[in-house]
Amino acid sequence: MTEDPKDLLTELTAMRKRARADRHGYWLPFLLFGLITLVSTPFYARKMCVESGVNPELVEPKPCTWSSSDMPWLYHWLHPSGGQMMTSPVFMPASPSIAVDVYWIVALVCGLLAVVRWYQWRAAQVGVETPTRIYTQVTAFLLALPLAGVPLLSKLFFGWAGWQIALPVTVAVIVAATWWKRSVGFTLVVLALFALAHLVTIYPYGPLFVVAAGLAGLAHLERSAVCTVTAAIFAATVLFVNEAGRFGFYWPLAVEQYASTALPAFVLLVGGIIGFVRRETAR
Amino acid sequence: MSDNPTAGLDDTVHQRHRLGVLTIAAEAKRVEFTYLKSALELTAGNLSRHISVLEQAGLVEVEKGYEGKRPKTWLHITDAGRTALAAEMAALRALLDRHEGR
């Protein structure tokens, strides 16, 4: 190492960049969540039915009708606003199903644990560990809020207490939390996570918001251009597949059964492959 | 307080290998002894001495453990270490600016 300040600063910058490149491991979470998203596709398939008493060989099956009252209690708990209310670019959305909720809960919990374990394993191999606390906190928060926080608040506001009592109590809790943490930023982040958790419960592809927020946290930790750009494109894609229907965009009929999951999965898989190739070529 | 940038240099941190240890440690949650030895091209004995100085100054914390049967030593930078590193880098940049007449 050199003593000249200019050379010393250059050398330290090179060391920092090397340590950063060595600890990068985002390619695996991208591939993992890309596959998780892709595997969710069959859960969004439309169920087709024929009317009872009609020979199924003689008539064209139609999308099954459904009623909110047919859904199990868990569905109503997870979707307190009444389920998939928002429109997506799918012209005729699939009837809601508890199977897709269970799939996402299991997949997201396993994905979170796998990513944390991956970074620990990688640290043991390479010798330099990426901090995963922010990623874990954001994902765990966004898993817990739609499962418990949003349903409980909905019950509090519109059932048990009524909004006349629940609203002042909630405002008092927010003010107390801000005072306790001495940070308006902390409170704003928590409120943003609550808003995001609400979106998870009302959008058909809502669980992708959990993935997007977690990967945004990961991009913050990884400090990699490829990771940040992929996470940003993925977040934009998630917004698109959940919201485009509102603006009159619908997928072509031939692809509408899988396009809303295939497109975000494609973004993650491409980001993961680029990250993997960069790591291999940098060796 | 002197406005000479050298006044901002801390003897504990300014030593170039210790500065290297802090720079790498600041980039990660924790960093392993062998990684530092290879990145800084130091012998184990030399690196141990530098780490002891940083540990005594409260700039890093050392954690010894096992990975399977292999002993491993991990090091992580403290808040004081991050502050000292930021101050050192600022002093170095100020020194460079003065040298270059900016």
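**Note on a predicted two-chain model**

1. Helix H6 of chain A, residues 163–181, is a convenient place to begin, since its length can be checked directly: at 1.5 Å a residue its 19 residues should span 27 Å, and because its end C-alpha atoms lie 26 Å apart, the expectation and the model agree. The reader should keep in mind throughout that this is a predicted model. H6(A) is hardly covered, the count of buried residues among its 19 residues being 0. Just after H6(A), Arg182(A) takes a positive phi of about 55°.

2. Helix H8 of chain A, residues 207–222, passes the corresponding check, because 16 residues at 1.5 Å each should span 22 Å and the end C-alpha atoms are 23 Å apart, which agrees. As to its surroundings, 13 of the 16 residues of H8(A) are buried, so the helix is largely enclosed by the rest of the structure. Just after H8(A) comes Arg223(A), which takes a positive phi of about 50°.

3. Helix H1 of chain A, residues 5–23, has 19 residues that should span 27 Å at 1.5 Å a residue, and the end C-alpha atoms are 27 Å apart, which agrees. The buried residues of H1(A) are Pro5(A), Leu8(A), Leu12(A), Ala19(A), Asp22(A) and Arg23(A). Seen down the axis of H1(A), these buried residues fall within an arc of 115°, so they line one face of the helix. The face turned away from that buried side carries the exposed residues Asp7(A), Thr10(A), Thr13(A), Ala14(A) and Lys17(A).

4. What covers the buried residues of H1(A)? The cover includes helix H4 (98–126) and E3 of chain A, together with H2 and H5 of chain B.

5. Tyr119(A), whose place is in helix H4 of chain A, deserves a separate look. This residue has 24 other C-beta atoms within 10 Å, and because a residue counts as buried at 20 or more, Tyr119(A) is buried. Leaving aside residues up to four places away in sequence, Tyr119(A) touches Gly25(A), Glu129(A), Thr130(A) and Thr132(A). The C-alpha atoms of Tyr119(A) and Arg46(A), by contrast, are separated by 38 Å, with their positions 73 residues apart along the chain.

6. Turning to chain B, one finds 5 helices and 3 strands, and from the N terminus on these elements run α-α-β-α-α-β-β-α. Of the 102 residues in chain B, 30% are buried. Among the contacts in chain B with a separation of 6 or more, 55% are between residues 24 or more positions apart.

7. Both chains contribute to an open sheet of 4 strands, which has the order E3(A)-E1(B)-E3(B)-E2(B) and antiparallel pairing. Its edge strands are E3 of chain A (128–129) and E2 of chain B, each of which pairs on one side only. Helix H4 of chain B, residues 44–56, packs on the sheet and touches E2 and E3 of chain B, its direction making about 125° with that of E2(B).

8. Where do the chains meet within this sheet? E3(A) is joined to E1(B) by 2 bridges, and the two strands run antiparallel. Within this pair, Glu129(A) stands opposite Arg30(B) in E1(B), and Glu129(A) is also one of the residues touched by Tyr119(A).

9. Inside chain B, strand E2 (residues 60–67) and strand E3 (residues 70–77) pair in the antiparallel sense over 8 bridges. Glu61(B) has His76(B) in E3(B) as its bridge partner, while Val62(B) stands opposite Leu75(B), likewise in E3(B). The hairpin of E2(B) and E3(B) has 2 residues between the strands, and Gly68(B) takes a positive phi near 70° there.

10. The contact between the chains takes 21 residues from chain B and 19 residues from chain A. On the side of chain B that touches chain A, helix H2 (16–26), strand E1 (30–32), helix H3 (33–40) and helix H5 (79–99) each supply at least two residues. The largest share of that side, 6 residues, comes from H2(B). By character, the residues of this side of chain B divide into 9 nonpolar, 5 polar and 7 charged.

Methods. Residues numbered from 1 in each chain as written. Chains lettered and ligands numbered in written order. Predicted model: local features only at pLDDT ≥ 70, side-chain atom pairs only at ≥ 80, totals over all residues. Pairing = 2+ DSSP bridges. Contact = placed C-beta atoms within 7 Å. Axes fitted to C-alpha atoms, helices over the stretch in contact; angles between N-to-C directions. Nonpolar A, V, L, I, M, F, W, Y, C, P; charged D, E, K, R; others polar. Expected span 1.5 Å × (residues − 1). Buried ≥ 20, exposed ≤ 12 C-beta atoms within 10 Å, placed from the backbone. Arc of directions from axis to C-beta.
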